[in-house]
Amino acid sequence: MAYSAEIIKRARERLAQAKADRESENRQHLQQAYAQVPRLREIDQLLRQTMAQAAQTVFTQGGDPAAAMERVKQENLALQRERAALVEANFEEGFLDDSPVCDRCGGSGYVGSTMCECLRELCRQEQKKELTFLNVGKGTFDQFRLDYYPDRVDPNLGVNIRTVMEKTYQTCRRYAQNFSEKSGNLLFSGDTGLGKTFLSACIARMVADNGYSVVYESAGHLFARMERAKFDGDEDARHEAEKYSACDLLIVDDLGTEMPGQFTTSALYTLVNDRLLSGKATIISTNLNTDDLARRYNAQLASRLRGSYQRVAFLGDDIRVKKNWSI
């Protein structure tokens with residue numbers, strides 16, 4: 001699961017802080033224990049000294065090394081039993097465990113070259129925070145209301161609007177619930193105010209909750225950042241642009257509302273084509289149909305979208321107007 005470098009950086013900083021806090025807490029508990037039961041300090045000092053003394057005795061005085069080591073072992077075991085009894089009698093369970101922030105990786109974030117689950121969970125949290133900051137991912141599928149869509153036949157398409165939207169809802173929910181890196185692509189198509197952004201946000205939230213990296217961006221912001229990365233040498237924009245290619249799921253909202261131009265057409269085609277070639281999932285929402293997309297961008301892009309994206313239709317009347325009427 002390809003989290004962006006910025007998300008991993010923030011997650012590692014949080015893990016490092018948690019590790020430092022745990023080590024500080026363990027030191028404080030130990031000092032508190034020493035002050036309360038001075039014999040504990042003596043035992044810990046003796047445990048550190050006995051092995052060194054045994055090695056020195058064998059080296060300077062000769063004798064049987066095995067016998068010396070066995071003697072030290074028995075002394076250590078006796079000291080450990082005494083220490084355990086003192087801890088049990090004077091402190092609550094776990095007070096002097098000296099446990100690391102993560103038992104698997106010790107707080108490094110990695111087991112060998114594999115990201116540990118503790119760091120992966122922090123990446124998931126940072127991912128969700130980023131989506132929330134963008135006002136994405138607050139909605140849930142359970143909040144979707146079919147009663148906003150009229151139970152009547154669309155005169156132009158000859159289909160029942162509410163039936164189509166129920167299918168759209170189920171398609172989006174299944175996509176999010178069963179998401180994998182090979183889930184394929186969706187093209188949300190329909191007029192303004194029909195729930196494309198809301199259901200995109202629901203998908204983003206659920207997919208991020210399941211541990212995948214999600215980048216949600218409006219078309220205008222996406223192309224502006226890609227242009228700054230290419231022509232202005234903007235380092236922040238370059239990192240943002242890299243996320244568009246690397247993330248597990250890219251959601252481009254409101255395609256067709258950005259400023260048109262040769263760069264936009266070229267960047268969009270490259271982004272769509274690169275993600276198709278790498279097998280990464282993309283969702284695009286737009287008010288345009290595929291004919292409009294071909295006229296605004298080019299026939300090659302429209303062909304990619306028709307052939308490689310599942311079209312998800314949004315029908316009905318502007319929900320935002322209905323909500324205002326009901327206030």
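**Notebook: helices, rings and buried residues**

I began with A237, which counts as buried because its relative accessibility is 2%, under the 20% that I take as the limit for that word. I note at the outset that this is a predicted model, so every entry here describes that model. A237 is found in helix α8, which covers residues 235–246. I then looked up its surroundings and, setting aside residues up to four places away in sequence, found that A237 touches R225, R228 and A229. I also checked M226, which is eleven residues from A237 in sequence, and the two C-alpha atoms are 6.7 Å apart in space.

Next I turned to E126, whose place is in helix α4. Is E126 buried or exposed? I entered E126 as buried, because its relative accessibility is 2%. When I left aside the neighbours within four places in sequence, the contacts of E126 were I7, R10, A11 and R14.

The third residue I looked up was Y175, which lies in helix α5. Y175 counts as buried as well, because its relative accessibility comes to 9%. Not counting residues up to four places away in sequence, I found Y175 touching S183, G184, L186, I203, L249, A281 and I283. I also looked at N185, ten residues from Y175 along the chain, and found their C-alpha atoms separated by 9.6 Å.

I went on to helix α6, which runs over residues 196–209 and has 14 residues. From its first C-alpha to its last, α6 reaches 20 Å, close to the 20 Å expected at 1.5 Å a residue. Which residues of α6 are buried? I listed K196, L199, S200, A201, C202, I203, A204, V207 and A208. While reading that list I kept in mind that an α-helix has 3.6 residues a turn, so residues three or four places apart point the same way. Just after α6 I noted G211, which takes a positive phi of about 95°.

Then I searched the whole structure for aromatic pairs, and the search returned nine. One of them is formed by F141 and Y169, which meet edge-to-face, with 6.0 Å from centre to centre and 70° between the planes. This pair links distant parts of the chain, since F141 is in the loop between α4 (117–133) and α5 (161–177) while Y169 is in helix α5, 28 residues apart. I checked the accessibility of F141 and Y169, and both are buried. Following the ring pairs further, I found that they link F141, F144, Y149, Y169 and F198 into a cluster.

I also looked for charges placed over rings. R145 lies over the face of Y148, 4.3 Å from the ring centre. In another case, the charged end of K230 sits over the ring of F231, at 5.7 Å from its centre.

My last entry concerns two helices that pack together, and such a packing is described by the angle between the axes and the distance between the axes. For helix α9 (residues 262–278) and helix α11 (residues 299–308), the axes come within 10 Å and cross at roughly 30°. The crossing in which α9 passes α11 is left-handed. Which residues meet where α9 and α11 are in contact? From α9 I recorded L268, Y269, V272, N273 and L276, and these meet Q300, L301, R304, L305 and S308 in α11.

Technical notes:
Residues numbered from 1 in each chain as written. Predicted model: local features only at pLDDT ≥ 70, side-chain atom pairs only at ≥ 80, totals over all residues. Heavy atoms only, no water. Helix = DSSP H or I, 4+ residues; strand = E, 2+ residues; numbered from the N terminus. Buried < 20%, exposed > 50% of the residue type's maximum accessible area, 1.4 Å probe, protein only. Contact = heavy atoms within 4.5 Å. Expected span 1.5 Å × (residues − 1). Phe/Tyr/Trp six-rings, centres within 6.5 Å; stacked < 30°, edge-to-face > 60°. Lys NZ or Arg CZ within 6 Å of the ring centre and 35° of its normal. Axes fitted to C-alpha atoms, helices over the stretch in contact; angles between N-to-C directions. Left-handed = near helix turned anticlockwise from the far one by under 90°.
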